[in-house]
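Colleague: I should be grateful for a close look at a single part of this model, explained step by step for a student who is new to protein structures. Please begin with one residue and let the account grow from there into the part of the fold to which it leads.

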Amino acid sequence: MTAEDLQEVWGDLVGIPADPPAMRELCEKCRRPKAVCWCCHLPSTPLVTKCRVVILQHPAEEKRCLRTVPMLSLGLAPGLCHVYKGKKFPLQRHKGLEELMCAPNSVLLYPSPQSVDLSDLPRLDSGGYDSYNLFLLDGTWPQAKAIYHSSPLLHSMKEVKLLSTGNSEYVIRTQPTEGCLSTLETAALALSILEDREDVREILLKPLKALCDFQLDHGAVTHQSKEFLIKTKTYPKLIGKRLSRLLKGVDTNSDDSIEHDTCLYNEETQKS
């Protein structure tokens with residue numbers, strides 16, 4: 001290397017700033033950059049519901065930038081959305097969680113063979129419970145399944161599922177199958193059913209719609225589900241035998257069918 005080359009390299013090094021570039025200013029509530037903050041679409045007064053939502057969240061979810069659980073926790077009044085992190089539940093650090101799990105009015109939204117339609121639960125105004133504690137597992141399907149199997153206390157809870165969900169508003173994510181919902185959408189739909197209040201769903205989903213609209217306005221595209229892409233032979237990746245059998249409807253009483261049903265409520269199964 002000539003002296004002239006060394007001088008050029010040295011000039012490039014000198015031009016590198018000593019301090020890291022300034023980060024974009026973050027919103028104090030949602031912790032997103034202020035330019036893409038969705039807090040103005042939250043209800044002006046946090047929503048008060050009779051039911052509580054309890055999220056059992058896999059630790060990996062904190063690293064995802066487009067999570068919907070913060071929208072849920074900020075949209076509901078204080079004390080109505082509890083988030084516990086871990087790979088199995090309850091742990092010693094989860095104070096009060098075991099009591100919640102054992103409460104007679106606690107239900108787990110998980111599509112196991114013994115789960116019943118959430119719509120069949122007694123309504124709050126029909127002489128049943130005054131409220132429900134609605135438990136959801138937040139993670140990819142393998143993570144949610146691992147949480148379920150490593151948490152024996154979950155198996156003793158009453159298990160429910162959503163049989164009719166409609167299409168997800170979370171259009172900037174690739175869903176695994178048609179009818180998959182994010183954690184926010186699942187909780188909002190379940191609350192609206194249990195409390196017979198359609199406004200609950202509309203109010204809680206406003207930040208999600210705003211987020212998707214912003215992303216679409218800045219280059220994102222609407223995503224079709226993996227199921228749709230595979231069936232139309234436009235999915236760019238190879239699929240495994242289990243998924244292939246599942247989409248063909250083979251052995252619908254096996255664990256494969258449970259995996260398909262779980263997509264109806266489990267948020268991060270949507271993510272490719």
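Modeller: Let us begin with Pro122, which is placed in the loop between S4 and S5. Please keep in mind that the model is a predicted one. Pro122 has a relative accessibility of 44% and therefore counts as partly exposed; buried would require a value under 20%, and exposed a value over 50%. If neighbours within four places in sequence are set aside, Pro122 is in contact with Gly128 and Tyr132. There is also a link across the sequence: Pro122 and Leu194 are 72 residues apart along the chain, while their C-alpha atoms are separated by 8.0 Å.

The loop of Pro122 has a strand on either side, S4 and S5, and this leads us to the sheet. The sheet is open and has 6 strands, arranged in the order S2-S1-S5-S3-S6-S4 with parallel pairing. Strand S2 (81-85) and strand S4 (116-117) stand at the edges; each has a single partner strand, so one side of each lacks a neighbour in the sheet. As background, the strands of a sheet pair through backbone hydrogen bonds, and the pairing may be parallel or antiparallel.

We may now walk across the sheet from the S4 edge. S4 runs parallel to S6, and 2 bridges join the two strands. In this pair, Val116 stands opposite Val160 in S6. S6 is also joined to S3, by 3 bridges and again in parallel. Here Leu109 is the residue that stands opposite Val160 in S6. Val160 of S6 thus faces Val116 as well as Leu109.

From S3 (residues 106-109) the walk continues to S5 (residues 133-138), which runs parallel to S3 and is joined to it by 3 bridges. Within this pair, Leu108 has Phe135 of S5 as its bridge partner. S5 then pairs with S1, also in parallel, over 6 bridges, and Leu56 stands opposite Leu137 in S5.

S1 deserves a pause. Of its 6 residues, 5 are buried, so S1 is largely enclosed by the rest of the structure. S1 also pairs with S2, in the parallel sense and over 5 bridges, and in this pair Val53 stands opposite Cys81 in S2. To pass from S1 to S2, the chain goes through helix H2 (residues 69-75), forming a right-handed β-α-β crossover.

The loop between S1 and H2 holds His58. Is this residue buried or exposed? With a relative accessibility of 12%, His58 counts as buried, because the limit for that term is under 20%. Leaving out residues up to four places away in sequence, His58 touches Gly86, Lys87, Asp138, Gly139, Gln143 and Ile147. Asp138 lies within the range of S5, residues 133-138, and Gln143 and Ile147 lie within the range of helix H4, residues 141-149.

Two helices remain to be placed against the strands. Helix H4 lies across strand S1 (52-57), S3, S5 and strand S6 (158-161), and it runs at about 125 degrees to S5. Helix H6 (residues 183-194) lies across S1, S3 and S5, and its angle to S5 is about 160 degrees. Leu194, the residue whose C-alpha atom is separated by 8.0 Å from that of Pro122, falls within the range of H6, residues 183-194. H6 also contains Thr186, which is buried with a relative accessible area of 0%. A polar atom of the Thr186 side chain lies 2.8 Å from the backbone oxygen of Ser182.

Finally, the part may be set within the whole. The protein chain has 10 helices and 6 strands, and 46% of its 272 residues are buried. Among contacts with a separation of 6 or more, 76% are between residues 24 or more positions apart. A further pair distant in sequence is Cys40 and Lys206: they are 166 residues apart along the chain, and their C-alpha atoms are separated by 9.6 Å. Cys40 is placed in the loop between helix H1 (3-14) and S1, and at 65% relative accessibility it counts as exposed.

How values were computed:
Residues are numbered from 1 along each chain as its sequence is written. This is a predicted model: local features need pLDDT of at least 70, side-chain atom pairs count only at pLDDT 80 or more; totals for chains, interfaces and linings use all residues. Side-chain values use heavy atoms; hydrogens and water are left out. Two strands pair if DSSP finds at least two bridges between them. Helices (H or I, at least four residues) and strands (E, at least two) are DSSP runs, numbered from the N terminus. Contact means heavy atoms within 4.5 Å. Axes are lines fitted to C-alpha atoms, for helices over the stretch in contact, and angles run from 0 to 180 degrees between N-to-C directions. Buried means under 20% relative accessible area, exposed over 50%, partly exposed in between (1.4 Å probe, protein chains only). A crossover is right-handed if, with the strands pointing away from the viewer, the path from the first strand over the helix to the second runs clockwise. A polar contact is a pair of N or O atoms within 3.5 Å; within protein, one must be able to donate a hydrogen and the other to accept it, and residues adjacent in sequence count only if both atoms are side-chain atoms.
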